[in-house]
Amino acid sequence: MLFNSYIFILLFLPLCLIGYFGLNRCGKDTLAQVFLLGMSLWFYGYFSPSYLIIILTSIVINYLFTLAMDRTRAPSLRKWELALAVLLNLGVLFYFKYYNFFVQNLNRFAHTELTLLNIVLPLGISFFTFQQIGYVVDAYRGETARYPFLQYACFVSYFPQLIAGPIVTHDELIPQFLDPAKKQFSWDNFARGLYLFAFGLAKKVLIADVFGKVSGWGFANVVELDTTNALFVSLAYTIQIYFDFSGYCDMAVGIGKMMNIDLPVNFDSPYKALTIQEFWQRWHKTLTRFLTKYLYIPLGGNRKGTLRTYLNILIVFTASGLWHGANYTFILWGILHGLFSVVNRRWKSWFQKLHPALSWLITFSFLNLTMSLFRANSVTDAITLVKRLLVMDFGPISSSVTDAFLLPEIALLIRHIPFLSCLEYDPAVLTAVFYGGAMVLILGARNSYEHMLQFRPNVRNFAGISILLAWCILSFSSVSTFLYFNF
């Protein structure tokens, strides 16, 4: 189910809030948890009920492994149980996400003729698999309590973060499910959560989806682009994924807040970063945390010499790229981020001497180029786009770019506000306004979470949220999934 859909906003979310808090108010704590689990499973299985078999099996098996490790006293046997649990999780992830990619490359390079399977990638499998790997490892280390199965199942399947994160840890979420103070409805938390949800929805529907029209057209016609339109297309996707992922994170945290659940902040104005290290401290923060805790540090981190540190960084970023998808574009994207991180680390003193504006420009230019690689259908397409950027054959802006910003509400304003009439005759001006406005929001606005903390419920704010929600709902022209649903 999508956050940006009629059924979620008009039916699922109100029903979930009323049922969850209503049952808790009646003293039916356990039944409220069962209800929350059922709603989360409905949310996950909405598009394909077969997904439920996968996630429920994963939840049961991982929980049984943690019980087994808790009861096993022999250290060597516990290590085998941990290894088996981790390998089983990775094996399931490999089968659904990477099997056909592996077979395709085996057929290509080893000249085999293995048959590809008709495998449908379950939504969010990378997220709930990593979340459970983290839990199993923590259980092995003795860092988890003996949580009841119901709370564990809710921890894995909690719908706001289930499909696209954040990747939460057991100590962040399960204690909140058990806290009696969080089971009572709070108008203040509801208002703050609704405020953040509305802003996240606006980012997705009113900004990301609009720029998505440009990037969709451009990456489907890479060979036909000149330098001008290649610039607009590459920047369009950089803006699109920013507001798409930021919007999802805001909505996830906002829904959690409505339910008195505090989810970790996963997105903190990453395009303001002056270095690539700072970018990864701001972008998908919980994935960075997971890879640091469960991969980088076990590999030795920075404790085994400079060369080993650089190798560990490259391994982690390559794993990050592969985690995002079974395509050489993602792998190369991860490797490039790893190499740039090594360069920044190796010549840290030189980068620190740069003017902040120049440091930002270098970092953002790198991000924009690699985001194009992230989006491209193939490495060949990505290389073609870079060539189009460098060939310097500037030309007029394509109507496929400018038409994306001629929204019905914009046309209405142009018709009724005289000084805006120039936009009707020069679509390039409107395009510039959208690009410029997006960059101002990216670089000038505070993080939405900071706004939520300072939010004060009053009539004016309620009216503003209502108008924004209505505008977004009326803009639901088609189903548009979040980009991170694919990962």
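Buried means under 20% relative accessible area, exposed means over 50%, and partly exposed covers what lies in between, with a 1.4 Å probe and protein chains only. By that scale Phe102, at 45% relative accessibility, counts as partly exposed. The structure is a predicted model, in which local features need pLDDT of at least 70, side-chain atom pairs count only at pLDDT 80 or more, and totals for chains, interfaces and linings use all residues. Residues are numbered from 1 along each chain as its sequence is written, and side-chain values use heavy atoms, with hydrogens and water left out.

## The chain as a whole

The chain holds 23 helices and zero strands, where helices (H or I, at least four residues) and strands (E, at least two) are DSSP runs numbered from the N terminus. Its radius of gyration is 24 Å, close to the 23 Å that the globule rule gives for 487 residues, so the chain is as compact as a globular protein of that length; the radius is taken over C-alpha atoms, and the rule is 2.2 Å times the number of residues to the power 0.38. Along its principal axes the C-alpha trace spans about 75 × 60 × 50 Å.

Of the 487 residues, 52% count as buried. The accessible surface of the chain comes to about 22300 Å², and 67% of this area belongs to carbon and sulfur atoms; such areas come from the Shrake-Rupley method with a 1.4 Å probe, and for residues only the protein chains shown count as cover. Among contacts (heavy atoms within 4.5 Å) between residues at least 6 apart in sequence, 77% join residues at least 24 apart. The mean positions of the 36 positive and 25 negative charges are 10 Å apart, with Lys and Arg counted as positive, Asp and Glu as negative, and His and the chain ends not counted. Each charge is placed at NZ of Lys, CZ of Arg, CG of Asp or CD of Glu.

## The nonpolar core and helix H10

A nonpolar core is a set of buried Ala, Val, Leu, Ile, Met, Phe, Trp, Tyr and Cys residues joined through side-chain atoms within 4.5 Å. The largest such core has 150 residues, of which Phe8, Phe197, Met259, Tyr271, Trp283 and Phe405 touch the most other members. Helix H10 (residues 227–258) supplies the largest share of this core, 17 residues. Beyond its neighbours within four places in sequence, Phe8 is in contact with Met1, Leu2, Phe3, Leu13, Pro14, Phe43, Phe159, Phe197 and Ile255.

Gly254 also has its place in helix H10 and is buried, with a relative accessible area of 0%. Apart from residues within four places in sequence, Gly254 is in contact with Gly193, Leu196 and Phe197. Its C-alpha atom lies 42 Å from that of Asn105, a residue 149 places away in sequence.

## Positive phi in two loops

Most residues other than glycine have a negative phi. The table lists two residues that are not glycines and have a positive phi.

| Residue | Phi | Loop | Relative accessible area |
|---|---|---|---|
| His284 | about 45 degrees | between H11 (276–282) and H12 (285–296) | 0%, buried |
| Met392 | about 60 degrees | between H17 (379–390) and H18 (399–402) | 52%, exposed |

Pro396 likewise lies in the loop between H17 and H18, and at 68% relative accessibility Pro396 counts as exposed. Leaving aside neighbours within four places in sequence, Pro396 is in contact with Asp226 and Asn229. The C-alpha atoms of Pro396 and Thr227, 169 residues apart along the chain, are separated by 9.7 Å.

## Other sites

Ser58 lies in helix H3 (residues 50–71) and counts as buried at 13% relative accessibility. Not counting residues up to four places away in sequence, Ser58 touches Asn89, Phe128 and Gln132.

Glu143 lies in the loop between helix H5 (125–140) and helix H6 (149–157), and is partly exposed, with a relative accessible area of 41%. Outside its neighbours within four places in sequence, Glu143 is in contact with Asp138, His170 and Lys293, while the C-alpha atoms of Glu143 and Tyr51, 92 residues apart in sequence, are 30 Å apart in space.

Phe102 is found in helix H4 (residues 75–110). The C-alpha atoms of Phe102 and Met452 are separated by 45 Å, with their positions 350 residues apart along the chain.
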